[in-house]
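Time to open the notebook and go through this fold piece by piece. I will write down what I looked up, in the order I looked.

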Amino acid sequence: MPEPLRRASDPEPSPLDGLPRVAARAAPPPADLAELIQAGVPMVLKGLFEHWPALAAGRAGAGELSAYLKGHDRGAPVPVMEAPARTQGKFGYGADLREFNFSRRSASLSDALDRILRLAGEENAPYVAVQMLPLAAQMPGFVAQNPMPLLPAEVAPRLWVGGPVHTRTHNDRDHNLACVLAGRRRFLLFPPEQVANLYVGPLDNPPPLSLVDPEAPDFVRFPLFADALATARVAFLDPGDALFIPRSWWHHVSSLSPFNAMVNYWWGDDASGLDQPNDVFLASLLAYKHLPPHERAYWRAMFEAHVFGEHGADHIPPTQRGTLGTMRPGERASLRQRLRAAFLKS
């Protein structure tokens, strides 16, 4: 794929820019969404939301989009993140991994947008962003005017707007559809199985972030990150581009323009309780983490054969596999009931 044309407003080139590109395609019809999810790989989607008035405003300039957003604002406080100039806009952990290097506060959307625009291009300015703003509650008129044809109506959009910030590598439990309204963004993506090579921080302070700065990696401290980079791919998104990120894919997001705006959708993490993979994983840490090595080896083999393997019960007749086979709804309900009773004893 040819290199994109460089613009005067673009930051200096990065070694990440030369990584293999995420494939692009025309926006699929809603009927093909399941196929896109089943493929399980990131995809840039073209022409998905060309009909949005918000996109037209974004292409007209930062002032136009800011005015459009203010016109739909109901006035409730919005979450504002701010990091000092010394962070270079790299939102991540502070020195203490229990804290982050940015502050959180509430402000009106109008004040936040005005501050972001005022700081654009200033020397030694702090980095300000509004992130994860739920648009259905804050700006229902925006949602009505800018519908997403690919997803069910109940999947709610969120707004991200700010200066040239960088969000450290993390992943989501949901599928993610990111739609750029203004500015240029670079997404650096790693497959889910690269977790051991990304040096992810504590799980107790979600979302867990990679400790590695991929734009200036310390290979002495984080040598396995070189293996992660060997699997990475990159996507550049301009206004009007969307990126589908399957759940659990790691991504580092760089906003490359002085003013950036994006709407995203998370969906798909509908499981709860005993069917919720993350909760069961945390329970597994309790159950297996501190067992003697030989017992851990047994359970690792059991998981490989019967949870992640495809053929661990092939030697058992299908009608006699029980929980090792394909469970009917009644069998799943019975197993849940047994497990609930077992957990209530603890």
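**Entry 1: a strand pair.** I began with strand 9 (residues 175-182) and strand 14 (residues 260-267), which run antiparallel and are joined by seven bridges. I picked out one residue here: Ala-182 has Ala-261 of strand 14 as its bridge partner. A reminder to myself is that I am reading a predicted model.

**Entry 2: the sheet around that pair.** Next I asked in what order the strands of this open sheet come. There are nine of them, in the order 1-2-12-9-14-7-6-3-5, and the pairing is mixed. At the edges I found strand 1 (24-26) and strand 5 (103-107); each has a single partner strand, so one side of each has no neighbour in the sheet. I also looked up the twist: on average, neighbouring strands here are turned by 25° against each other, direction ignored.

**Entry 3: a helix on strands.** Helix 4 (residues 109-119) caught my eye next. I see helix 4 lying across strand 3 (78-83), strand 5, strand 6 (127-134) and strand 7 (157-162). Its direction is at about 145° to strand 6.

**Entry 4: another sheet.** I then turned to an open sheet of five strands, ordered 4-8-13-10-11, again with mixed pairing. Its edge strands are strand 4 (90-91) and strand 11 (233-237), each pairing on one side only. Strand 10 (residues 185-190) pairs with strand 11 in the antiparallel sense, over five bridges. Looking along that pair, I noted Arg-186 opposite Phe-236 of strand 11.

**Entry 5: one loop residue.** Where does Gln-88 sit? I found Gln-88 in the loop between strand 3 and strand 4. Setting aside neighbours within four places in sequence, I listed Tyr-127, Pro-164 and His-166 as the contacts of Gln-88. I also checked Asp-213, which is 125 residues away from Gln-88 along the chain; their C-alpha atoms are separated by 12 Å.

**Entry 6: two helices together.** How do helix 2 (residues 53-60) and helix 3 (residues 62-72) pack, and at what angle? I read an angle of about 145°, with the axes 5 Å apart. The crossing is right-handed. From helix 2, the contact uses Pro-53, Ala-54, Ala-57, Gly-58 and Ala-60, and from helix 3 it uses Glu-64, Leu-65 and Tyr-68. Sorted by class, I have six nonpolar residues, one polar and one charged in this contact.

**Entry 7: a last helix.** Helix 9 (residues 277-288) has twelve residues and reaches 16 Å from first C-alpha to last, close to the 16 Å expected at 1.5 Å a residue. At its start, I found a side-chain oxygen of Gln-276 within 3.0 Å of the backbone nitrogen of Asn-278.

Technical notes. Residues are numbered from 1 along each chain as its sequence is written. This is a predicted model: local features need pLDDT of at least 70, side-chain atom pairs count only at pLDDT 80 or more; totals for chains, interfaces and linings use all residues. Side-chain values use heavy atoms; hydrogens and water are left out. Axes are lines fitted to C-alpha atoms, for helices over the stretch in contact, and angles run from 0 to 180 degrees between N-to-C directions. Helices (H or I, at least four residues) and strands (E, at least two) are DSSP runs, numbered from the N terminus. A crossing is left-handed if the near helix is turned anticlockwise from the far one by less than a right angle, and right-handed if clockwise. Contact means heavy atoms within 4.5 Å. Ala, Val, Leu, Ile, Met, Phe, Trp, Tyr, Cys and Pro count as nonpolar, Asp, Glu, Lys and Arg as charged, and the others, Gly among them, as polar. The expected span of a helix is 1.5 Å times one less than its number of residues. A polar contact is a pair of N or O atoms within 3.5 Å; within protein, one must be able to donate a hydrogen and the other to accept it, and residues adjacent in sequence count only if both atoms are side-chain atoms. Two strands pair if DSSP finds at least two bridges between them.
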